[in-house]
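Trainee: Could you take me through one part of this model in close detail, namely its nonpolar interior, and set that part against the rest of the chain?

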Amino acid sequence: MERENNTENRIAVVTDSAAAIHPELVERLSARGNFVVVPMPVTIRTPGAEDRSLQGLGAAEVDEAIMLAHVMGQTVSTSGPAPGVFADVYDELASRGFTHVVSVHLSGELSGTVEAARTGARLSRLGSTGVSVVDSRTVAGAYGHAVVRALEALNSASAGASVENPSVEYPSHDYPSPAQLVDYIHAVCEQSTLYFYIPTLDALRRGGRVSPALAMVGQMFQIKPIGTIVEGKLAYVERPRTAARALERLVEVTVQTCREHQHAAALSSASASSTATDLVSLVAAPRGEVVAVHHVGNASQAVQLYEQVQQMLGESSLVHDATDSSAPEFLVSALPPVLSAHSGLGAVALVVY
């Protein structure tokens with residue numbers, strides 16, 4: 001008998017476009033009315049000309065404009081949404097009958113979005129007590145994955161199939177409180193590891209993310225950095241000198257992390273309580289698998305890197321191109337404009353959970 005749930009639709013979830021959730025998945029998750037993605041503004045700056053806002057353009061048009069700007073050496077600047085934008089979103093959700101919002105955002109060390117959301121919460125009808133703002137302390141699919149899992153935990157409070165992957169089922173649990181959902185999101189974010197490869201530091205330099213001196217050294221020595229996120233900040237794992245070596249190492253460190261997570265999962269499974277029913281205790285240990293693959297204009301290369309990881313892990317290979325339906329649904333997605341603006345063409349990222 002299905003568990004009756006009188007508190008369904010009490011909590012809504014908000015995130016920003018830097019979460020890099022596949023657009024089709026966003027549309028599917030938004031259908032229930034308890035999920036909103038707030039777009040992050042992107043502007044192209046050309047010396048001697050008026051700034052060009054990309055607001056209102058379609059996704060394909062935005063990607064094309066950013067790629068062209070990178071090729072032409074123009075500066076692509078980004079900013080977080082204004083507090084009033086968040087206040088309006090929270091008010092709209094309150095008008096739909098939601099009593100609490102959990103708002104999950106890009107690392108506060110890299111963006112002012114978290115603070116804007118907190119200010120927006122204070123300005124909204126729900127107030128700070130009705131909006132829980134979560135600093136993910138990470139970027140892209142590393143928190144986008146947590147958002148998806150949290151939504152599915154809400155939508156499947158009495159157990160059900162995953163929207164992202166219908167073959168995955170979440171364990172049965174009671175409808176969570178806002179505090180439980182926040183703890184759940186924090187736990188998934190902390191257990192997620194993102195690695196990225198950037199072909200050049202030039203886009204990061206133009207966006208002010210690295211110093212001109214470091215970018216110049218990188219250009220001189222043809223450094224192809226592999227990075228990650230540590231304590232909410234960008235950190236370099238290695239600085240290979242060739243693209244081929246950088247991509248090889250990206251695969252290797254991803255595989256190593258998958259194996260570490262698999263080992264942790266085995267230990268957690270051996271000690272897990274079979275009687276736990278609260279949401280946080282039911283957060284699955286890291287599965288040791290790639291849960292998101294991002295790219296900037298190089299989808300086929302991103303898929304190939306994922307394939308290499310799968311093969312090294314001994315998983316069955318998924319022979320496909322970037323649009324083949326045999327790919328795990330929504331696994332591969334373009335980096336959103338707010339992130340591709342700083343990474344440049346040819347960047348790729350892999351998220352391990």
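Mentor: Helices and strands are taken here as DSSP runs, a helix being H or I over at least four residues and a strand being E over at least two, numbered from the N terminus. On that basis the protein, which is a predicted model, comes to 12 helices and 15 strands. Of its 353 residues, 51% count as buried, and among contacts between residues at least 6 apart in sequence, 74% join residues at least 24 apart.

Turning to the part you asked about, the largest nonpolar core has 49 residues, and those with the most contacts inside it are Ile 21, Phe 35, Val 102, Leu 181 and Ile 185. Helix 6, which spans residues 141-155, gives the most to this core, with nine residues. If neighbours within four places in sequence are left aside, Ile 21 is in contact with Thr 15, Val 26, Phe 35, Gly 144, Val 147 and Val 148. Apart from this core lies another, of 23 residues, which includes Val 253, Val 255, Ala 302 and Tyr 306. In soluble globular proteins, nonpolar side chains tend to be buried together.

The surface also deserves a look, since the accessible surface of the protein comes to about 15900 Å², with 51% of that area belonging to carbon and sulfur atoms. One nonpolar patch there, of about 390 Å², is made by Leu 68, Val 71, Met 72 and Leu 345, and Leu 68 lies in helix 2, which covers residues 59-72.

Definitions and conventions
Residues numbered from 1 in each chain as written. Predicted model: local features only at pLDDT ≥ 70, side-chain atom pairs only at ≥ 80, totals over all residues. Heavy atoms only, no water. Core = buried A, V, L, I, M, F, W, Y, C linked by side-chain atoms within 4.5 Å. Buried < 20%, exposed > 50% of the residue type's maximum accessible area, 1.4 Å probe, protein only. Contact = heavy atoms within 4.5 Å. Patch = residues over 30% accessible without salt bridge, like charges linked within 9 Å, V, L, I, M, F, W, Y side chains within 5 Å. Areas by Shrake-Rupley, 256 points an atom, 1.4 Å probe, with all protein chains shown as cover. Salt bridge = Lys/Arg side-chain N within 4 Å of Asp/Glu carboxyl O.
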